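Work through the two exercises below with the sequence and the coordinates at hand, and try each task before reading its solution.

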Amino acid sequence: MACTAAPAELIVPSRCAHGEGVLWCERRQALLWVDIDGARLWLHAPGDGSTRSWPLPDRPGCLGLASSGELLLVLAKSIQRADLDAALAAAGAPLPLSHLADVEPDEPRTRSNDGRADRHGNFVFGTMDESAQKSPIGAFYQYSAAHGLRRLPLPGAAIPNSICFSPDGRTLYWCDSLQPHIQCCDYDPDAATTGPSRIFAGVEPGHASADGSCVDAEGGLWNAQWGAARVVRHAADGHVDRVVPVPVPQPSCCAIGGAGLDTLYVITSPQGMDPAALAGAPESGSLFAAPLGRRLGLPESRVVLP
């Protein structure tokens, strides 16, 4: 039977227009996330309580850490490297970007969405259909320094999400948020190939949508359930063994971090909420945290950039 934990608590009232993609950087002891609709990058250091943010030239879908200390930012239609050291050098300093690749430049209906670094120095992300049809025209890609952008042989998706990797990096988890399940498949990072997809875990239809996920040191998958005001931990066999309530309805992504890798962090979004819903959950778009009681986190994997 699943254990329901104490609710996550507000730690950064960022009130993003559409918060997403949170991750923990152990080198900087800081959290990073993006505001997609607000076109901003955010950083928060729990140790001293400081928070910074920077405007971006396009909407960001997701981000990754680079082995060099830089960031990889996947914007709506491009992949960029970002010099975070330069941005942190002085108050008000801009975030320098340099272009790495274009993303579906000839498809006006799509933008980049969820993504995460694999365990082998590459970055995997998906594109989604922004049109009202929400048809499964979105694709999954791997970006690597050696090969640039390669499309993964996964089924098309309307809203790709939940991209993360098993501790050994050989299993890729993913979902289409319009479908009531999270899938997984074998993953070959060198060849950028995948095996047949299979259902890993179900999501209660009509009550929640699977959004961003992370994997812990025991192989458990933590999924932010959009619309259900909770993060759910699926054990390695897929069953639900822990539920963390979130005091706003639309958690969008989660990460495990903190100095002891023992804190669950959850970014949220107010996207699509009407005025009454926003009045009832004014901190939608903010960052929340819940203690896990033990060390469960894995250091975030890093992308090798050229």
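The exercises that follow concern a strand with its neighbours and then a pocket, all in a predicted model.

**Exercise 1.** Determine whether the residues of strand β13 (residues 140-144) are buried or exposed, and establish which strands pair with β13.

*Solution.* Begin with accessibility, where a residue counts as buried if its relative accessible area is under 20%. By that criterion five of the five residues of β13 are buried, and the strand is mostly covered. Next, separate the two faces: F140, Q142 and S144 lie on one side, Y141 and Y143 lie on the other, and both faces are covered. Then turn to the pairing, in which β13 runs antiparallel to strand β12 (residues 123-129) over four bridges, while four bridges also join β13, again in the antiparallel sense, to strand β14 (residues 148-151). Finally, follow Y141 across these pairings: Y141 is the bridge partner of F125, and Y141 also stands opposite R151 in β14. The connection from β13 to β14 is a hairpin of three residues.

**Exercise 2.** Describe the largest pocket by its volume, its lining and the classes of its lining residues.

*Solution.* Start with the volume of the largest pocket, which is about 270 Å³. The lining comprises 18 residues, of which H18, I159, D211, W226 and Q271 are the closest to the pocket centre. Now assign the lining to strands: β11 (110-117) and β20 (209-215) each supply at least two residues, and the largest share, three residues, comes from β20. Last, sort the lining by class, which gives five nonpolar, six polar and seven charged residues.

Technical notes
Residues are numbered from 1 along each chain as its sequence is written. This is a predicted model: local features need pLDDT of at least 70, side-chain atom pairs count only at pLDDT 80 or more; totals for chains, interfaces and linings use all residues. Side-chain values use heavy atoms; hydrogens and water are left out. Buried means under 20% relative accessible area, exposed over 50%, partly exposed in between (1.4 Å probe, protein chains only). Two strands pair if DSSP finds at least two bridges between them. On a 1 Å grid over the protein atoms alone, a cavity is a set of points where a 1.4 Å probe fits but cannot get out, and a pocket is an open set with protein on both sides within 12 Å along at least five of seven lines; lining residues have an atom within 4 Å of a point. Grid points are joined across faces, edges and corners, and a volume is the space filled by probe spheres set on the points. Ala, Val, Leu, Ile, Met, Phe, Trp, Tyr, Cys and Pro count as nonpolar, Asp, Glu, Lys and Arg as charged, and the others, Gly among them, as polar.
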